[in-house]
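Please open the model in your viewer and keep the sequence panel beside it, since the tour below moves from one selection to the next.

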Amino acid sequence: MLQFTILNFEDWRSVARDLRCREICPADVQFLAPDESGLFCNAASSVISPSLPSNPTAFRVPKDFLTLAEDVGYHRAPERWGLLYRVLWRLTNHEPRLLQVATDDDMHRLLMMEKAVRRDAHKMKAFVRFREIIQNGEKHYIAWHRPDHFVLRKIAPFFSRRFKAMNWAILTQDESVAWNQRELKYFQGVNRSEAPSSDDLEDLWRTYYANIFNPARVKIKAMKTEMPVRHWSTLPETTIIDQMLKDAPARVADMIARSEGFDQSARDYMPDPSQPLTLPRLSDSIRQCRACELHCHATQAVFGHGPVDARIVIVGEQPGDQEDIEGKPFVGPAGEVLDHALAEAGIDRSQVYVTNTVKHFKFDRNGNQRLHKKPNSREVRACLPWFEAEWAMLDANTLICLGATAATALISPGFRLQQQRGCWVESKYTPRTIATWHPSFILRLPTQTQREIRMAELIADLRKTVRSE
Ligand code: SF4
């Protein structure tokens, strides 16, 4: 058994490349986690590299895997390096499409780790609070933070750009970093007690927080999840939360009165307009979309799927539980109903472009279950630019809206599905627009008879779109 001690992603990458070139299978390798207390004391790699048999084999790794592996490398789980090597081995041997199989146990674990790292990195960006100290007549800013994972090196470059003209340091329990307005220097982790705890900046933070505090979203449970209680002692603003909660109802009313016209939009996350726009570039960019909160809880954005020369575009409401995991629209139970209806209507699904109005799955948790939750109008509005960009890329002339969310978003806010279903209407996209039942609605109907009636109507509406072509 070969054993390696890995400090960071670069170490793992170099060892894994070596092992894979020599066709050493995962069962013959053990990746050891170094003693965590000493993990970052030494900036240099301390890989123990036993001599390996030489028989190099060339192989290629998808870029997406390297991006995923780099993020997973920041996770705290000691088994991450072995897991990454096993996935690398499977990918480069006989499972080249493994990255797309989110239900695979190894992939699922990796994606969960990646998600945990992204959330932790986001929290570090949000919850680091600097305190001012004067050293040799110069101002320095120091913050102590306790991340769940080893995300400091992922986030430090962000702080160096944001606070470029300041001398600052972020101390964590694992490792610390200092910026001297020129370069980042990493050093040993420190205890909370070694960081300064109060100064004039506290008032500044409180004022800032009071200004950004959104009373309409006050949910103490959610606040404790998003702003874990262990961070509260380092956050000056937590001392004013009680008062702000008392003032919240009045501020909500004020916000409603002032909210018209204030929204984030997916437009801010579109690909660089100087390059030609394509569906793959859009599908790449949507992964970065943060225009509404739905990205925080879903596994991934689910982009549309189908040929670029499709004449028919079918738009549902949002991905479901299975779509969220697999990253493709209409692959779960609703997808089965849609497939059946399309086949009955004589439409070849492989010739249709299928997508959703909102690209991230919105749900409520009930134990282990994730229950569909309807997106609100702000989320629909924020997400619409993705559909508009998809439509602009396609050569379609027929638009089929499944369900009320798609119909009101794409046809008109006053559209009434019960009354106008199955009728051709002109939308801003095409004069050949029609709305019909969403397959999930049919699945949720309580009786078999009701389901059969609505299914027949869905099939009849789909048939209209081929007959009148
Ligand atoms: S739901 Fe749409 S707008 Fe919201 S984050 Fe996802 S892709 Fe962006």
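## Starting at helix α4

In this predicted model, begin by selecting α4 together with helix α5 (residues 152–162), whose axes come within 10 Å and cross at roughly 35°. Turn the view until one helix lies over the other, and you will be looking at a right-handed crossing. To display the contact itself, show A121, M124 and K125 in α4, which meet K154, I155 and F158 in α5. Coloured by class, this contact of α4 with α5 has four nonpolar and two charged residues, with no polar ones.

## Along α4 to α3

Keep α4 on screen and add helix α3 (residues 80–93), whose axis comes within 10 Å of that of α4 and crosses it at roughly 130°. The two helices are therefore oblique to each other, and their crossing is left-handed. On the α3 side, select R80, L83, R86 and V87, and on the α4 side D106, M107, R109, L110 and M113, which are the residues that meet here. Five of the residues in this contact of α3 with α4 are nonpolar and four are charged, while no polar residue takes part.

## Adding α2

Next, bring in helix α2 (residues 63–72), which packs against α4 (residues 105–127) at an angle of about 60°, with the two axes 8 Å apart. An angle of that value makes α2 oblique to α4, and the crossing of this pair is left-handed. The contact is made by L68, D71 and V72 of α2 together with L110, M113, E114, V117 and R118 of α4. By class, the contact of α2 with α4 divides into five nonpolar and three charged residues, again with no polar residue. If you have kept the previous selection visible, note that L110 and M113 of α4 are listed both in the contact with α2 and in the contact with α3.

While α2 is displayed, pick A69, which has its place in this helix. Is A69 buried or exposed? A69 counts as buried because 23 other C-beta atoms lie within 10 Å. Leaving aside its neighbours within four places in sequence, A69 is in contact with F9 and L84. A distance label drawn between the C-alpha atoms of A69 and W12, which are 57 residues apart along the chain, should read 9.4 Å.

## Three loop residues

Now select R22, which lies in the loop between α1 (9–21) and β2 (29–32). With 13 C-beta neighbours inside 10 Å, R22 counts as partly exposed. The C-alpha atoms of R22 and A58 are separated by 9.1 Å, although these residues are 36 apart along the chain.

The next two stops concern backbone geometry, and the background is that most residues other than glycine have a negative phi. Go to Q181, in the loop between β6 (175–179) and β7 (184–188), where phi is near 75°, a positive value in a residue other than glycine. Q181 counts as exposed because it has 11 C-beta neighbours inside 10 Å. Then go to F330, in the loop between α11 (321–326) and α12 (333–345), which has a positive phi of about 55° although it is not a glycine. Here the surroundings are another matter, for F330 has 28 C-beta neighbours inside 10 Å and so counts as buried.

## Helix α14 and what covers it

Select helix α14 (residues 403–410), in which six of the eight residues are buried, so that the helix is largely enclosed by the rest of the structure. The buried residues to highlight are G403, T405, A406, A407, A409 and L410. To see what covers these buried residues, display the elements that include β8 (312–316), α13 (377–393), β12 (398–402), α15 (417–420), β13 (433–436) and α16 (439–444).

## The ligand shell

Centre the view on the ligand, which 16 residues surround, and label the closest of them, C289, A291, C292, H360 and C383. Coloured by class, the residues of this shell divide into 11 nonpolar, two polar and three charged.

## Stepping back

Finally, zoom out to the protein as a whole, which has 17 helices and 13 strands. Buried residues make up 32% of its 469 residues. Among contacts between residues at least 6 apart in sequence, 71% join residues at least 24 apart.

Methods. Residues numbered from 1 in each chain as written. Predicted model: local features only at pLDDT ≥ 70, side-chain atom pairs only at ≥ 80, totals over all residues. Axes fitted to C-alpha atoms, helices over the stretch in contact; angles between N-to-C directions. Helix = DSSP H or I, 4+ residues; strand = E, 2+ residues; numbered from the N terminus. Parallel < 35°, antiparallel > 145°, perpendicular 65-115°, else oblique. Left-handed = near helix turned anticlockwise from the far one by under 90°. Contact = placed C-beta atoms within 7 Å. Nonpolar A, V, L, I, M, F, W, Y, C, P; charged D, E, K, R; others polar. Near = placed C-beta within 6 Å. Buried ≥ 20, exposed ≤ 12 C-beta atoms within 10 Å, placed from the backbone.
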